[in-house]
Amino acid sequence: MSQSPLKKLWTAVLHQYHKPESLLVMCCVLSVIMLAWVLLVHPAAELDSFNSPGSIAAVTHDVEDPLHTGILVRDDAASALISLVTPVVEPQPEKIYIAIILDDLGNNDALGMQAISLLGAVTYAVLPHTPHGERLAVLAYKSGKEVMLHAPMSNLGQHPLGEGGLTPLLTEEEFTASLLRSIAAVPFAKGVNNHMGSELTGSRLQMQWLMRELKLQGLYFVDSVTTAHSVAPEIAGEFAVPNLRRHVFLDNQATHENIDFEFKRLLAIARSKGSAVGIGHPYPETLAYLEQALRTLEAEGIELITVSRMLELNN
């Protein structure tokens, strides 16, 4: 009686590895060969009995045998083998983004220049009609940075606004004319955010005037969120104006400890939500902190992007 293929294989292996010191090697070789033989390859005659009714294999499908080898490969066995030999690739986490806006550029030339020299895609919000605003806006743009108009808006504390201030006392025509002059005073502006504005951003009528004009000018809006009663995002949505909300003020207290705390809070929000917006100012303490902190973002898996880019990703 002829020996089965498995018995022949066993006899050959015993002959080759008869020495005791080869026992471990023999066991390993046999384990691999038997696993492949049982799972993957069966002579056609034996496969029929293996696929008897009621067996697990009976509910699987055989792969075609285009080369007429007489050997059929079972779908489930092939899948098992592929899963064994294919390296496991861990899914990459989704990217995390932050946008940082530096407000109030225009009054101090030296601090404005220092701010523009920061690494990365910082966005700069320039006050209109200021001594250095126009030049700093042009310099930021030529440095590959994004520029916004930091539009002064009336506030509940009655703090002075300076030229270009938008208030509920203006007629619609006066409001629009003042806004357009401010936009023209900040070259290359791609959007607007509010300077103060705790009163005006809570007024539906003036926000409608604002968003109507921003839509016509193709500009976005960032709500600095200086009041919990702001209707700016709602009205921006009604006029289809791209818009974002500020999550963190970095330097309401311009100390290293507070800026560090708020910056880390910004990163935590970004990790939770996927993105976050922080607003700071060209204070010496803020600039000194950001000069160091922005260098660490890549190592933390966080990307600094412009406001425009964040709006694209959100849409």
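What follows is a selection-by-selection tour of a predicted model.

Residues are numbered from 1 along each chain as its sequence is written. Because the model is predicted, local features need pLDDT of at least 70 and side-chain atom pairs count only at pLDDT 80 or more, whereas totals for chains, interfaces and linings use all residues; side-chain values use heavy atoms, with hydrogens and water left out.

**Whole protein**

Start with everything selected. The secondary structure comes to 12 helices and 11 strands; helices (H or I, at least four residues) and strands (E, at least two) are DSSP runs, numbered from the N terminus. Of the 315 residues, 43% count as buried, where buried means under 20% relative accessible area, exposed over 50% and partly exposed in between (1.4 Å probe, protein chains only). Among contacts between residues at least 6 apart in sequence, 69% join residues at least 24 apart; a contact means heavy atoms within 4.5 Å.

**Strand β10 and its partners**

Select residues 275-280, which are strand β10. How many of its 6 residues are buried? The count is 6 of 6, and the strand is mostly covered. S275, V277 and I279 lie on one side and A276, G278 and G280 on the other, and both faces are covered.

Add residues 96-105, strand β3, which pairs with β10 in the parallel sense over 6 bridges. Two strands pair if DSSP finds at least two bridges between them. To find the register, label I100, which stands opposite G278 in β10.

Next add residues 248-249, strand β9, joined to β10 by 2 bridges and running parallel to β10. Here F249 stands opposite I279.

Keep β9 on screen and show E262, which is found in helix α10 (residues 256-273). Is E262 buried or exposed? E262 is buried, with a relative accessible area of 12%. Leaving aside residues up to four places away in sequence, E262 touches V248, F249 and L250.

**Strands β5 and β6**

Move to residues 189-196, strand β6. Of its 8 residues, 6 are buried, so β6 is largely enclosed by the rest of the structure. Residues 146-153 form strand β5, which runs parallel to β6 and is joined to β6 by 6 bridges. V147 stands opposite A189 in β6.

**Helix α5 and two packed helices**

Two packed helices are described by the angle between their axes and the distance between the axes. Axes are lines fitted to C-alpha atoms, for helices over the stretch in contact, and angles run from 0 to 180 degrees between N-to-C directions.

Select α5 (residues 109-116) with α6 (residues 133-142): their axes come within 10 Å and cross at roughly 15 degrees. The two are therefore roughly parallel to each other (angles under 35 degrees; over 145 is roughly antiparallel, 65 to 115 roughly perpendicular and the rest oblique). The crossing is right-handed: the near helix is turned clockwise from the far one by less than a right angle, anticlockwise being left-handed. Show D109, G112, M113 and I116 of α5 with R135, L136, L139 and A140 of α6, which make the contact. By class, this contact has 5 nonpolar, 1 polar and 2 charged residues (Ala, Val, Leu, Ile, Met, Phe, Trp, Tyr, Cys and Pro count as nonpolar, Asp, Glu, Lys and Arg as charged, and the others, Gly among them, as polar).

Now swap α6 for α11 (residues 284-293), which packs on α5 at an angle of about 20 degrees with the axes 10 Å apart. That makes α5 roughly parallel to α11. The crossing of α5 with α11 is left-handed. Display L111, Q114 and A115 in α5, which meet P284, L287 and E291 in α11. This contact has 4 nonpolar, 1 polar and 1 charged residues.
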